[in-house]
Amino acid sequence: MQLLVAPMRRLPVVTAILVVDGGATTEPPGKEGVADIAAHALVEGTQKRSADDLVMALERLGTSISASADWESSILKMTVLSPNLPGALGLMAEMVTSPRFDNAAVERIRAERLSEIIQTRSEPGVLADETFSLELYGAGSRYGIPLGGSAESVTAIAVDDVRGYHRCGFNPKAATLILAGDIDTDAARQLADRIFGAWKDAGGETAARRVTTAGGKPRQLRVVDRSGAQQSELRMGHVGVPRSVPQYFDVVVMNAVLGGLFSSRINLNLREAHGYTYGASSYFDWRRDAGPFVVSSAVQSEVTGAAVSEVMNEIHRIRSDAIQEEELSLATSYLAGVFPIRYETADAVASGLAGLVVFGLPDDYFTSYRSNILGVTVEGVQRAAQNFLRPEDLNVVVAGNPDLVLSQLTQLGLGEVGVVRVDA
Amino acid sequence: MAESTSVRIPVETFELDNGLFVTLSEDHSAPIVAVNLWYHVGSANERTGRTGFAHLFEHMLFQGSENVAANEHFELVQRAGGTLNGSTWLERTNYFETLPSHQLALGLWLEADRMGRLLPAMTQEKLDTQRAVVKNERRWSVDNQPYGTWWEKLPELAFPESHPFHHSLIGSFEDLDAASIEDVAEFFATHYTPDNAVLSIAGDFDPEEARSLVRKYFGDIPRGRGRSPLPSMDVPAHFGAPLRKVVEDDVTVPRVFMAFRSPAFGTEEYYAASVAGAIIGMKKGSILYRALVRQKQIATEVSAFTFDLAKGRDLLICDVTARAGVSGTSLEQNLSSEIDRIVAEGVTSDDVARAVAIISTEIAVAMQSASDRADKLSMFATYFRNPSLANEQVTKYESVTADAVNSFVKTNMTNTNRAVLLYIPRGEGVQ
């Protein structure tokens with residue numbers, strides 16, 4: 001197990017994160033969601049303690065441990081007053097090294113996940129997100145299926161799948177413990193040795209990562225049928241670039257100008273110039289393989305077509321014309337200047353370090369971040385826009401009222417618009 | 001047992017001749033400074049026919065002032081490497097930015113320009129655009145969101161029609177349509193005055209410099225001409241009879257809210273009510289999680305929280321989401337019988353210790369953020385003229401006993417002090 005320590009001595013607070021490499025992209029096909037269920041089931045008791053006893057022991061120390069899976073890792077996290085760190089960290093180690101995985105408890109977590117899937121069928125934003133991912137990647141890619149799995153895959157998960165995922169994935173070779181806050185490096189090392197020193201590899205084979213790239217599907221336009229919708233949840237975008245892209249900082253600054261900031265082009269256009277929406281933004285979802293590039297907004301039904309058209313215009317414009325120097329300096333001075341505000345808390349620092357671990361970024365990543373951002377040029381932004389934004393590939397998904405939006409989308413002349421129905 | 005670690009922050013206050021109350025809290029551990037303004041006005045101050053106006057007005061405060069162009073406020077703060085926002089609540093509206101420390105003057109100047117000189121920048125066009133933005137905010141956060149109407153239906157059920165907390169904070173489309181540029185001028189002159197505001201500065205600054213900047217930028221803004229007092233906020237300690245409303249919505253699983261009238265934020269009894277809420281619904285060791293999620297397996301999520309209303313009386317609210325397949329009727333009955341059981345059996349000192357350990361940790365954790373520190377100072381200064389109360393919270397929670405919690409539970413959680421708002425899928429029906 002690797003240890004990272006970030007001492008911050010102002011307040012008696014420590015955030016501890018255990019990152020275990022793996023995550024949803026190492027799940028067996030057909031068992032999508034098992035990583036997240038395994039993580040949640042860690043909270044359901046250890047060999048020594050029932051679920052109630054474990055939860056009570058943590059909460060009497062003023063904390064709780066969240067456990068969840070991401071695309072490329074599983075993450076356990078807690079924030080605790082520093083005098084309570086040894087006790088709480090001991091409980092975290094117990095969860096990871098000797099989970100109970102009772103049949104009944106795992107079954108309950110699985111049933112709750114199925115219930116959540118049913119519940120989100122009434123959430124237009126989630127419907128739009130999930131349909132968008134499926135259109136981009138297809139069901140054959142792990143990125144095409146929700147992180148927590150589908151109704152079908154979660155139904156197929158048995159207790160042994162959960163135990164198997166844990167045995168193969170949760171070993172000390174794959175783990176990094178991060179401690180940020182009121183602790184020094186020597187004390188952290190002693191504590192980690194004492195608490196995690198006996199953690200041995202259970203001998204399972206680490207699963208191979210699944211290929212997550214998409215197979216070059218043509219552009220799709222979809223309306224998810226929400227006949228009673230009061231608004232359109234809009235997603236536009238295409239498969240983006242992996243976190244390891246050499247032009248990462250150019251892409252970050254380009255996106256800030258396009259749709260990353262409040263004062264970005266897309267937000268000022270859709271919200272402040274037209275009043276179509278409460279807010280609109282764009283982002284590259286950074287993952288090890290190419291995550292999606294997404295423009296996201298909730299717009300008034302009557303102007304859905306016009307909003308799509310304005311977003312298209314902005315994407316064309318940032319590729320064809322160099323941005324203004326003032327736009328560049330706004331984005332770079334914001335991203336560089338906001339750095340100490342963004343990393344004000346132990347949680348933010350520990351989470352930032354977890355990102356370094358997951359993406360294999362260099363140790364000097366944070367110290368060189370500002371100069372990397374400030375080094376981005378107008379030309380770099382335009383090259384990033386030309387290389388990584390592909391207007392002809394933009395998928396459009398709208399969760400909304402087909403009676404109001406279908407004809408608007410068809411009239412844009414981008415192609416045929418399909419309607420997706422979701423059973424309640 | 002959890003160890004107690006009390007976190008205290010320095011607090012200095014002063015007042016300008018125009019009535020602006022200022023709180024300073026130095027901390028040089030990070031090169032950043034938070035500027036936070038609370039205006040003592042919220043949706044409770046809206047007149048009949050203007051629901052949603054306090055919040056619409058908050059949007060207008062980002063549309064420029066005499067020396068700042070529309071949206072330039074955002075741009076100047078972000079260009080300086082800062083973050084910013086504002087929010088509206090029943091009793092107050094706040095505006096805040098966190099900046100690199102050498103940019104303190106910018107934050108203060110921007111806030112002063114809109115407090116002193118907003119109206120020259122107001123136009124009908126800006127009002128119309130923000131009206132459209134706010135209508136889309138309403139669609140997004142309320143109308144097109146499963147259960148999204150609870151924010152307006154619960155206060156509507158729990159406060160009588162004449163009460164200032166009864167009506168919708170986000171407002172109706174009809175009332176938003178009726179808002180005029182004259183309303184903007186009137187609301188500004190009445191409520192956005194230095195004697196109705198509190199300014200807090202927290203983080204890395206020099207107190208002498210901060211004092212002189214505050215005087216320079218805010219000192220010449222005139223005092224307000226006075227406000228008519230709010231209608232009476234008094235309500236009886238209990239509802240007096242069970243209240244209940246069933247809402248059919250575009251949802252796939254039922255969800256129930258149960259509200260109890262409870263002591264106003266900041267009173268001694270408030271802390272017992274807040275601890276009761278944590279015992280009942282905070283985290284996985286809470287009574288409702290253990291009973292309804294883990295044992296009976298009829299729910300997937302539970303929480304309990306107070307609205308923290310400082311006028312009249314507060315609300316303690318339990319919020320439980322059903323497991324798919326469980327009926328609304330069953331969900332409500334199970335919640336009611338758990339609450340009955342708590343009233344009958346009471347809570348233990350172990351329950352209190354768990355709740356207080358969690359709450360104390362959360363208070364210390366929040367103190368890491370300059371923005372959170374400034375906001376807490378503004379809150380206690382606005383409601384009680386005493387920002388140092390931010391340092392007393394852990395002590396107040398630690399002095400709550402099981403007897404105090406049980407006294408609250410037995411007087412405030414009985415059947416005649418419950419307001420139930422039950423969401424069910426369309427067509428499900430309910431007893």
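**Exercise 1. Find the bridge partner of Val256(B) in E10(B), then place both strands in their sheet.**

Step 1. Look across from Val256(B) to E10(B): the bridge partner there is Val320(B). Strands such as E10 are DSSP runs of E with at least two residues, helices are runs of H or I with at least four, and both are numbered from the N terminus.

Step 2. Now take in the whole pair. Strand E8 (residues 255-262) and strand E10 (residues 314-322) of chain B run antiparallel, joined over eight bridges. Two strands pair if DSSP finds at least two bridges between them.

Step 3. Add what packs on the sheet. Helix H10 (residues 287-295) of chain B touches E9 and E10 of chain B, and its direction makes about 160 degrees with that of E9(B). A contact needs C-beta atoms, placed from the backbone, within 7 Å. Angles run from 0 to 180 degrees between N-to-C directions, with axes fitted to C-alpha atoms, for helices over the stretch in contact.

Step 4. Zoom out to the open sheet of five strands in chain B: the order is E7-E11-E8-E10-E9, with mixed pairing. Its edges are strand E7 (243-249) and strand E9 (299-306) of chain B, each pairing on one side only.

A word on what you're looking at: this is a predicted model, where local features need pLDDT of at least 70 and side-chain atom pairs count only at pLDDT 80 or more, while totals for chains, interfaces and linings use all residues. Residues are numbered from 1 along each chain as its sequence is written, with chains lettered from A and ligands numbered from 1 in the order in which they are written.

**Exercise 2. Is Trp89(B) buried, partly exposed or exposed?**

Step 1. Locate Trp89(B): you'll find it in the loop between strand E4 (83-88) and strand E5 (93-100) of chain B.

Step 2. Count neighbours. Trp89(B) has 17 other C-beta atoms within 10 Å, so it is partly exposed. The cut-offs are 20 or more for buried and 12 or fewer for exposed, with partly exposed in between, using C-beta atoms placed from the backbone.

**Exercise 3. Check the span of helix H12 (residues 349-366) of chain B.**

Step 1. Work out the expected span: 1.5 Å times one less than the number of residues.

Step 2. Compare. The 18 residues of H12 should span 26 Å, and the end C-alpha atoms are 26 Å apart, which agrees.

Step 3. See what covers the buried residues of H12(B): the cover includes strand E2 (13-21) of chain A and helix H9 (268-281) of chain B.

Notes: Two residues are in contact if their C-beta atoms, placed from the backbone, lie within 7 Å.
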